[in-house]
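Please open the structure in your viewer and keep the selection panel at hand. The tour below proceeds by selections, each followed by a description of what is found there.

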Amino acid sequence: MSTTPATAVPRVVYRRPELLTERSTHYCPGCGHGVVHRLVAEVLGELGLGPRTIAVAPVGCAVFAYDYLALDFVEAPHGRAPAVATGIRRVRPDAFVLTYQGDGDLAAIGTAEIVHAAARGERITAVFVNNGIYGMTGGQMAPTTLLGQRTTSSPAGREAASAGYPLHITEMLALLPGVAYAARGSLVDPAWIGRTKAFLKRACEAQLEGTGFAIVEVLASCPVGWAMTPRDSLAFLRERMMAEFPPGLLIDRGRSAVSDRPED
Amino acid sequence: MERSVVFAGFGGQGLLFAGQVLAHAAVIDELEVLWIPSYGPEMRGGTASCTVIVGDEPIGSPVVDRVDVAVAMNPPSVAKFGRQVAPGGLLIANSSLVEEAYGRDDVEELQVPCTALAREAGDDRLVSLIALGALIARRPIVRPAAVRAAIRKVVAARQPDALRADLAAFAVGLRAGREPVRGRAAAPAPDAAR
Amino acid sequence: MTKRRRVLMKGNEAIAEAAIRASCDAYFGYPITPQAELFEWMARRMPEEGRVFVQAESELGAINMALGAAATGARVLVSSSGPGISLMGEAMSYLAGSELPVVVVDVMRGGPGLGSIGPSQSDYLLATKGHGHGDYRVPVLAPSSIAEAMELVATAFELAERYRTPVFILADGILGQAMEPVEQRYRDPPRSEAPWAVGGAAGRPPRVVRSLHLEPEALEAHNERLQAKYREIAGGEVRWAGERLDDADLAIVAYGTAARVARTAVARARAEGLRPGLFRPITLWPFPERELAEVASRVRGVLVVELSAGQMLEDVRLAVEGRLPVAFHGRTGGMVPTPDGVIDALRRLEARVRPAWTLPLVEAAALDRRPDPDTFSLFGDDAWRPLETTPRGER
C-alpha cells in the first residue's frame, strides 16, 4: 500500500441509503420524520430486509412515507395500520412487516388497533413518531401533547381538567406479554439518534426472532406545529418532552426482562 | 304442497332438536324442507320454538300465517300457537303440563302426556321426540323410518349413548299418536305407514 | 326419483363453507348476532384447512385486517351485521378507493342503532348507495335461498377480483339462521392476476396500494377510471330472476327473504284469481332497472315487498319512472311480511289500478280517490308514505 497523504483519501461521511428514494421530502424544516425515514432505511438495508418488507403508511404527516422509502407499501385508514399489518402478517408469514405511525394515529384514533395487535403478539415492528401534535392538520392537541402546551385546539395550554394527561402508550404496551420489545428513542442529538437506530434495529430483530410485537417510540420535534424555531424546538424536546417521556429501553422479552435504560 | 309444523315449549325441552330431526327426515325422504328458529314476537313469553316447512317443491315463504301442525309442549305455547293452526290442522298438546283442551272445533286436538311418557322412557328431555312420534302417527309428513334414520344421523354424531333412548321415545310417541284422539276429534288418523 | 346427495345446512354455515371451498385464504370477524355461526364455522374450519382466521378487536379491526390481507392478493372474507357493518363503512371507502377485492357478508338485522337481532332488509340503502365517504359503488348480491347464497359466494369472489372491488352479499337473519337441504356443489373460481399486489419489492420497483391522490387532477382521473369500471359492471353484471311474469298484470318486486314470501303469495293469489308475477333482483347494485322497466311496461301495477320501511322502493320507482302505480308493503324491526299480508296489499293495488286503467288518463287524474296509505300512485296523492299500514290482524 502506498503512503498517500490522508487528506487526499475521499472519506464517505454521508451516503443516501439504498432504500431511501431520491425524492425531496415534503416535511417542514426541522421536522423529525426525515431522520426517522433515514434510520428505517439504514436498519432495513443493514439487515437486508428491503426486498421482503411490506410497510404500512399511516394517515398524518408520514402518509407519503411510500414516496421516500423504496418499499412495498399499503396505505391504512387513520389509526388502522396495526390491523392492516395484522392482515398482511397472517397471510404472508415470511414477509417483514413494518408500520409507521404518528401520535394522533397510534395513540388516539388507533388506540384499540395498536393495543390489540400488541396483545396478540403480532410479529410486527411498529415505528411510532411522537411529536406531541397533529402536524398534518395544522397543529392541534394530540394525546401526547404536554400539560400547558399551547396548540391550535388548546390555545390556553393543555389543561388536565378538561383534556386529561399525556398518554404514555408505549409504557402501557410494554406491560403486555405479547410485546417482545419496546423502547423510546429521541432525535434530540446525534448520540440519541444513534441509540434510536440501535433500538430500531433490535425491534426489527425481535420480529425476525419471532418473539412477538415490537415498538420503538421516537420523540421528535415539530417546529412549525410547536411555533418555534428548529433550535428552540430541540431545547423543548430535551427539557420538556424527554422529561415527560423518558427515553430508553422499556422491555426486551426476547433477551431479558430487565429494563436497562441507557444514560442520557 | 307445503306442510308447516311449529314446535314450541320451554327451552330445554328439545324443541329445536325435534324440528331438526324432522328436517333431516325430510331430506332423507327426498323432500324439500326449511327449518327456522323462532323469530320476532315468538321469541318472547317463556317459549322456544322452531318452524319446519316440508314440501315437494322448493319452499317459498319461510314464515307462515297458519301452521298445519302445532306441537305445544307447555301452556304458553298452546295459548300462543293454538290459534295459528289452520282449519283441519293438528294441535298436539303436552297433557302432562296442559290441563285443558284448547277448544277449537275446526282442528284435530291430540293430547299426549309427553313429559310423563318421557320420564317413563328414562329422560325428561325426550318430550319433543315423543311429540314428534305422535305427530308422524297423525300426519305422515315423512316416513317413520326416515325419522329413525334422522335420529341415528343427528344423535349418533353428537351423543351416541343417547341414541337408544331417543329411538325408544320416538316409538312411544308413534304408539301414543295412533291411539284414539282424546280431544275434540276431527279428521280420521291417516295411515302412518305411508 | 333420482337420489340426490343433499345435506341440511344452516345459511350462515353454508356461506362460510362455500367461502372455504372457494379457496378463501383469510377470514376476519367479530361476534355479532345473527351471523355468529358464520364466524364460529370459520373459527373451526379455517385452521383445519391451514388458512387464516383472526377474531379482531372490533369490526374496524376486522375489515382493516381484510384490507391488509387483500393488498397482498389474498382472497378474503369478512362478515357482520348492521352495527358492525356500520363500523366497516370507513374501510369500505378505502377498499373502493384502493381497489381491493374483499367480500363482505351482511346478515341484516333490525335497526337503527342496536335495533334488534331479528331479520331485516334495512341495510339496502347502506349497501347500494354509499356506506362510506366518496364517489364509489359496490356490487351487492342478494341471495334468496341457502343454495343460492353458496353460489353467490363464489360469484362474489369472482366479481371482486375481476373488477378489483369490495363486494357485498346482503343476506338477512332468516337466511342466516334457517336450514335448508343443499347439494354440496361448491365452486372455486380461478384467481385473477394481481400485478398490483404487495409482497416485498424483490427484483421489481416497489408497489403502493393506496387511495390518496392529493393532486386534484390525479384524483379526478382516478375517479373517472373508477366510474368507467362501475359503468362496465352496471352494463355486464346485472342479475335478476322472474317468476310467472309472462301473463302477469301485477308485478311484485322483492329480493332475498321477501322474495320467498312473495313467491308463496303469488301462488296463493293466482289461486284466488289475481295474476301477479315476481321480479326478483339478485344484484341490488347494479339494479336491474332496464329489465324492470321492460316488465313494468307489460303490467298495470307494481308492488314492492321488503323487510324494511321502503328502501329498494326508491330504485323501483326510479326504474318505473312514474309510468304506473308503485305500491309498497313492508315490515320492520325483525317483523316479516306474511303471504296473506302481501296478498292484501296486492288486492288494494289491484283495486286501485283496475278501474283507473279503463279510463282516459285525464279523467283518471281528475278522480278524487281516497289515497291508499301504502300506495304511491301516479293519479292523485304524490305523498307516498314509506311505512305500510296494512291491518296486522290481531297482533
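How many residues of chain C are in contact with chain A, and how many of chain A with chain C? In this predicted model, 34 residues of chain C are in contact with 29 residues of chain A.

**The side of chain C that touches chain A**

Select strand 2 (26-29), strand 3 (52-55), helix 3, helix 5 and strand 9 of chain C; each of these elements gives two or more residues to the side that touches chain A. Helix 3 of chain C supplies the largest share, 9 residues. Colouring this side by residue class should give 21 nonpolar, 8 polar and 5 charged residues.

Next, display strand 2 of chain A (residues 72-75) together with strand 9 of chain C. The two strands run parallel and are joined by 2 bridges. Within this pairing, Val74(A) has Val209(C) as its bridge partner.

**Helix 5 of chain C**

Remain in chain C and select residues 89-98, which form helix 5. Is this helix mostly covered or mostly uncovered? It is mostly covered, with 9 of its 10 residues buried. The buried residues include Glu90(C), Met92(C), Tyr94(C) and Leu95(C). To see part of what covers them, add helix 3 (59-71) and strand 9 (208-209) of chain C. Then step to Glu99(C), which follows helix 5 and has a positive phi, near 55°.

**Chain A as a whole**

Now isolate chain A, which contains 10 helices and 9 strands. Its radius of gyration is 18 Å, close to the 18 Å that the globule rule gives for 264 residues, so chain A is as compact as a globular protein of that length. Along the principal axes, the C-alpha atoms of chain A fill a box of roughly 70 × 45 × 35 Å. Of the 264 residues in chain A, 54% are buried. Among the contacts in this chain between residues at least 6 apart in sequence, 66% join residues at least 24 apart.

**Where chain B meets chain C**

Show chains B and C together. Their contact takes 16 residues from chain B and 25 residues from chain C. On the chain B side, helix 1 (15-28) and strand 2 (32-37) are the elements that give two or more residues. Strand 2 of chain B gives the most, with 5 residues. This side of chain B divides into 10 nonpolar, 4 polar and 2 charged residues.

**The largest nonpolar core**

Which residues touch the most other members of the largest nonpolar core? Select Val71(B), Ile130(B) and Ala131(B), which do so in a core of 281 residues. The core also draws at least three residues from each of domain 1 (6-187 + 212-236) and domain 2 (242-376) of chain C. Centre the view on Ile130(B): beyond its neighbours within four places in sequence, its contacts include Val112(B), Cys114(B), Leu117(B) and Val172(B).

**Tyr102(B)**

Finally, select Tyr102(B), in the loop between strand 5 (85-94) and strand 6 (108-112) of chain B. Is Tyr102(B) buried or exposed? Tyr102(B) is buried, with 20 other C-beta atoms within 10 Å. Leaving out residues up to four places away in sequence, Tyr102(B) touches Val78(B), Gly82(B), Leu91(B), Ala93(B) and Glu109(B). A distance label from Tyr102(B) to Pro75(B) should read 9.8 Å between C-alpha atoms, for residues 27 apart along the chain.

Methods: Residues are numbered from 1 along each chain as its sequence is written. Chains are lettered from A and ligands numbered from 1 in the order in which they are written. This is a predicted model: local features need pLDDT of at least 70, side-chain atom pairs count only at pLDDT 80 or more; totals for chains, interfaces and linings use all residues. Helices (H or I, at least four residues) and strands (E, at least two) are DSSP runs, numbered from the N terminus. The radius of gyration is taken over C-alpha atoms; the globule rule is 2.2 Å times the number of residues to the power 0.38. A residue is buried if 20 or more other C-beta atoms lie within 10 Å of its own, exposed if 12 or fewer, and partly exposed in between; C-beta atoms are placed from the backbone. Two residues are in contact if their C-beta atoms, placed from the backbone, lie within 7 Å. A nonpolar core is a set of buried Ala, Val, Leu, Ile, Met, Phe, Trp, Tyr and Cys residues joined through C-beta atoms within 7 Å. Domain bounds come from an automatic or database domain assignment. Ala, Val, Leu, Ile, Met, Phe, Trp, Tyr, Cys and Pro count as nonpolar, Asp, Glu, Lys and Arg as charged, and the others, Gly among them, as polar. Two strands pair if DSSP finds at least two bridges between them.
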